[in-house]
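Colleague: Hey, have you got a few minutes to walk me through this one? I'm new to reading structures, so plain words please.
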Amino acid sequence: MTQITNLVKSLADRHGRYNESLLPILQGVVDENKFLSEEAMVEIARELDISAARVYGTASFYSFLNTEPMGKHVIRVCKTITCMMHGKNHIIQEIEKTLKIKLGETTHDGKFTLVETNCLGQCHKGPAMLINDTPYTNLTPEKTREILQSFIENEALSSTTNLN
Amino acid sequence: MNKVNLVIDHIEVSVAQGLNILEAAKQLKIRIPTLCYHEDLCVAGNCRVCVVEQVGSDRLLPACATPVAEGMEILTNSLKVRNARKSVIDLLVSEHRAECTRCYKNGECELQSLSSEYLIGEDTYIDLVPLKNYSIDYFSPSIIKDDSKCIRCQRCVRTCDYLQDIGALTVAHKGKDMKISSFFEKPMYEVVCTNCGQCVNRCPTGALIERNYIDEVWTAINDPKKHLVVQTAPAVRIALGEVLGMKPGNIVTGKMVAALRRLGFDSVLDTDFTADLTIIEEGNELLKRLKGALVDNNPDVNLPMTTSCSPGWIKYVEHMYPEYLPNVSTAKSPQQMFGALVKTYYAKKVKIDPENIVSVSIMPCTAKKYEANRPEMQASGYRDVDLVLTTREFARMIKQAGINFEALENEEFDSFMGTSSGAAVIFGASGGVMEAALRTAYEIVTGKEVPFDGLNITPVRGMEEVKEATIKIENTLPDWSFLEGVELKTCVTHSLANAKKVMDSVKKGEAQYHFIEVMACPGGCLGGGGQPIPTNLEIRRERSKAIYQEDAGKPIRKSHENPEVVKLYDEFLKEPLGNKSHELLHTSYVRRNRY
Amino acid sequence: MSKKNLKRLDLIFKNEYDGEHILMKTMEKPNQEIVNELIISGLKGRGGAGYPTGLKWKLASEAAGDIKYVICNADEGEPGTFKDREILTQVPHKVLIGMAVCAKVIGAHEGFIYLRGEYKFLMDSLLEVIDDFHVLMNKVGLDFRVKIFKGSGAYICGEESALFESMEGHRGEPRNKPPYPTQAGYRNMPTVINNVETLAHTYSIFKYGSEKFRDLGVQDSRGSKVFSVSGDTPIPGIYELEFGMSLQKFVEDFGDGDSKAVQVGGASGFCVPRKRFDKTMIGYQGKLTGVSLPTGGSMMIFNSSRSMYNVLHNYLEFFVEESCGQCTPCRVGTQQLLLGIEAVKKGQRPSDYLDKLLSLAENMRVTSKCGLGQSVANSFSSIVENFKEEMIY
């Protein structure tokens, strides 16, 4: 069995093989793999005995259930009104510059993906972004760069540890 | 039943509780326009074309999705309603590629007729089509899906999900990107689509249409080197009139034959002939399987046996129940049997090189197009069937040819392969194959007619979802004494959601059947995906009535008594399930994935 | 930064841990009495729609069926709203006690918190609180368990029937109504679905009595309200204030001295221009309260430097993406409004095209299937009508 088959099976064991388990299972796969591959969706459909199209239709409805490959760290910058008013574009430019990617892209090493998102519920502390599940608020370009640097350093650290 | 009193357009009416406003208005002969609503499907309430005003309420109500309530006062045509409705239609037109004059559904599009009714003009919203990345899927031999024509009413999704329980189509994405999609936006021919065409029957616009072969047929007709043989399925003759200005339930066999001759077909023959042949082959196959199971105790014999006439059903089994493929009769469908005989038996008799024969079929079905294209369907060395037209395409050719259909004199099919029994005619209705098979099998086994008044096996007829009939076999002929006292258990079902119920109960061992008839479409072929639009239960009932009327009026009612079939065995096939039959009339199936 | 005269209330965020006491008290009371208490308090739904909470509980308690559910709607997605996040961070136990009392009243044994995906970081702390809560449930002898259901990024799932669909494993598409949740909600069973803040308020009501709550606020808008204040303000944040404040007073307290407009109720709310500040009250619509604007608590202030065209454009982009897409007026209407104002701004369409868009917005209001499409007209019309000169090329 492939990694994805095992993952889906264990998620189905945990959440049960009901229609209602679909979202938790989809979320579980995204937590693990950052996105839902075709194979993952087929496995989920098989486990829940529903059509693959339904899995796709449901997944594609939710912004956080990506059906395209994503980097290890997903950066979601809020683009809604108050974050826009308080300079989210500067934050995005800073991230683009630091990571050398454009909005919507993933870094070559597969570590970071940059996207925009709708209101994060941090309007009093805008601009705001989520990196994975953690919110970062009151962003300035400098602060953003520092946050990214710490992620980049951690990544470098973990890759050297892996080499050892 | 509790009644609810309400007022619609100032007319008082008392209707059954639980009805919606649309149905209540219908009782007053008030037509409220609809798009996403379809009588065969669950209510969606998403197009908002049917909005009406409730006096005293600020917001409008969707008539299809709002149950009637005591004392309600409804206006279906107030200024507020008209403005709102027009705005909704205008919005739909703005995201629809409105190239009406170039559209296959021109003149038959529900959005088009509503735009015309509501005078949607030039002064309109911004055209969204150029901003969308619409795509057209024309890879399937049966169905073309054009997203640029889609108005997202979801009739197709509901059809595929609830009527057919396949789930080849879904709603994907949200907001401005929301669209009707297959799994991962793959082409239809790569997914679980059975090509049944029920979505095509219900699509209000040109977003889902049959792939048409009209020009190919005209080209062949006009090629002097080609000899064109056409066969017409049983369900075509009882529905064709609907597209040509007649009411549902008219039998137009004679006019249909006349029209085919006028179009230029060289030989006008009848699929009913091979429907009779199917009964002989499939009936004998059933008896052989019963013998294998009951006498020889052969563990390799698979029962229940299911019918194989419906190509939608075949593809469904291949995807969803591949483990039951050995249970499906190996007999080809009447269309394919006919095609195989045209290129062999017929060609030999009329002394024409099969190379120069073009075998055309007129079918109530879109899946027949796929079936004809299956690689295995050319055992004779030639394609059994070259071109398949639906009832709708055929009607269009009649119109193109300028034929006044209603004024045509009745004509007879050509002989040979043109004669048929009443048993063949009823193939077009759910339960028909079963009834035809029982008429013949019972007589083979007992030497007597089936013990039903006037040969009418009524328990397997009608629109009930799952029909069962048990026939006790008594006083068998010596060869069949092993069947003495056996209660033959049969089951008939139609539409694939019902087929799933039956197959699941078979799988669980809850149901013990010997023989199951499955038709992929509601009502059987008479409700096929290639039949005239619109369709609903009432229309299908009318078509069904016509079919049984045609059967009752036939001089021959049993397949085995069809003289041309008898002759075919004498001259060519020799015996049922014989070598020739196996080569030409039987087939095999492909295991496919559900995912 | 703070302003001297700001009169902040401290009901919701006050650290109080007498859930056990409240529960013991309510366990002894007949359900009818609890419902009456809520009705008397005048508490209305704090998600924005303002349905009387007591009535909702009453209907669900009277609905036939053995299986019923209590759901806390924590899918706070309205732009400019962030109060529920704060309540779930500071005083989640109050919300759970509110759910427990509701469960007792309607006869539910299962409850859910539908937590928006963007607030996943709250999960761990909430789960801890829920564990404690379950210990309390055992102690007081109430057969009621609460689970968290996590959303995945869809604004529309805050609409209650879309939320049920989402929980049932579907696309978050709103259902046709009727039936309403109290008749057929989650799993088609009678369901009470309340906003986070509403449930937290019930805690205060059961603790201090309905009169104390009722004493706050004005006719039709009783009690206190948690406001999410953002935009051009020196003191953005979360404020619990008495209902019934005029917008003039609000701007004096929160504005930067140059406020040109306030958006009350988020992207789906209304935009009030400076000239109407003194004529507008924050609260639910009522016969006696005059011009009042309901809000889920989102108050966004814009000063003179802001282009209201940009503001509207941002809202419309939001709706174009967050519409579920199933009904025509919302799916296509939002796109037409967005492209329409762009076209007018660029001079591709004449300025009177705005009139066509205004009537489109009105048609969307009366024909859309759910609150999303119905309320796009609120911001659209109030911005276009009041700031027409900013919309034109």
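Modeller: Sure. One term before we start: two residues are in contact if their C-beta atoms, placed from the backbone, lie within 7 Å. Also keep in mind that this is a predicted model.

Colleague: Okay, got it. So how many residues do chain C and chain B each put into their contact?
Modeller: Chain C gives 28 residues, and chain B gives 29 residues.

Colleague: Which elements of chain C give two or more residues to the side that touches chain B?
Modeller: Those are α11, α12 and α13 of chain C, where α13 covers 353-367. The largest share comes from α12(C), with ten residues.

Colleague: And what kinds of residues are on that side of chain C, nonpolar, polar or charged?
Modeller: A mix: eleven are nonpolar, twelve polar and five charged.

Colleague: Let's look at those helices, then. At what angle do α11 and α12 of chain C cross?
Modeller: Roughly 150°, and their axes come within 8 Å. Helix α11 of chain C is residues 308-322, and helix α12 of chain C is residues 328-345. Because of that angle, α11(C) is roughly antiparallel to α12(C).

Colleague: Is that crossing left-handed or right-handed?
Modeller: α11(C) passes α12(C) in a left-handed crossing.

Colleague: Which residues make the contact there?
Modeller: From α11(C), they include C:Y309, C:L312, C:L316 and C:F319. From α12(C), C:L337, C:L338 and C:I341 are among them. Sorted by type, the residues of this contact are eight nonpolar, three polar and two charged.

Colleague: Now the next pair. How do α12(C) and α13(C) pack?
Modeller: Their axes are 10 Å apart, at an angle of about 160°. That angle is over 145 degrees, so α12(C) is roughly antiparallel to α13(C). The crossing of these two helices is left-handed.

Colleague: What do the residues look like where they meet?
Modeller: On α12(C) you'll find C:P329, C:G333, C:G340 and C:A343, among others. They face a set on α13(C) including C:Y353, C:L357, C:A361 and C:M364. How does that contact divide up? Eleven nonpolar, five polar and no charged residues.

Colleague: Switching topic: what domains does chain B have?
Modeller: The domain assignment gives domain 1 (3-77), domain 2 (92-210) and domain 3 (212-595) in chain B.

Colleague: And what distance separates the centres of domain 1 and domain 3 of chain B?
Modeller: 42 Å, with the centres taken over C-alpha atoms.

Colleague: Great, thanks!

Methods:
Residues are numbered from 1 along each chain as its sequence is written. Chains are lettered from A and ligands numbered from 1 in the order in which they are written. This is a predicted model: local features need pLDDT of at least 70, side-chain atom pairs count only at pLDDT 80 or more; totals for chains, interfaces and linings use all residues. Axes are lines fitted to C-alpha atoms, for helices over the stretch in contact, and angles run from 0 to 180 degrees between N-to-C directions. Helices (H or I, at least four residues) and strands (E, at least two) are DSSP runs, numbered from the N terminus. Angles under 35 degrees count as roughly parallel, over 145 as roughly antiparallel, 65 to 115 as roughly perpendicular and the rest as oblique. A crossing is left-handed if the near helix is turned anticlockwise from the far one by less than a right angle, and right-handed if clockwise. Ala, Val, Leu, Ile, Met, Phe, Trp, Tyr, Cys and Pro count as nonpolar, Asp, Glu, Lys and Arg as charged, and the others, Gly among them, as polar. Domain bounds come from an automatic or database domain assignment.
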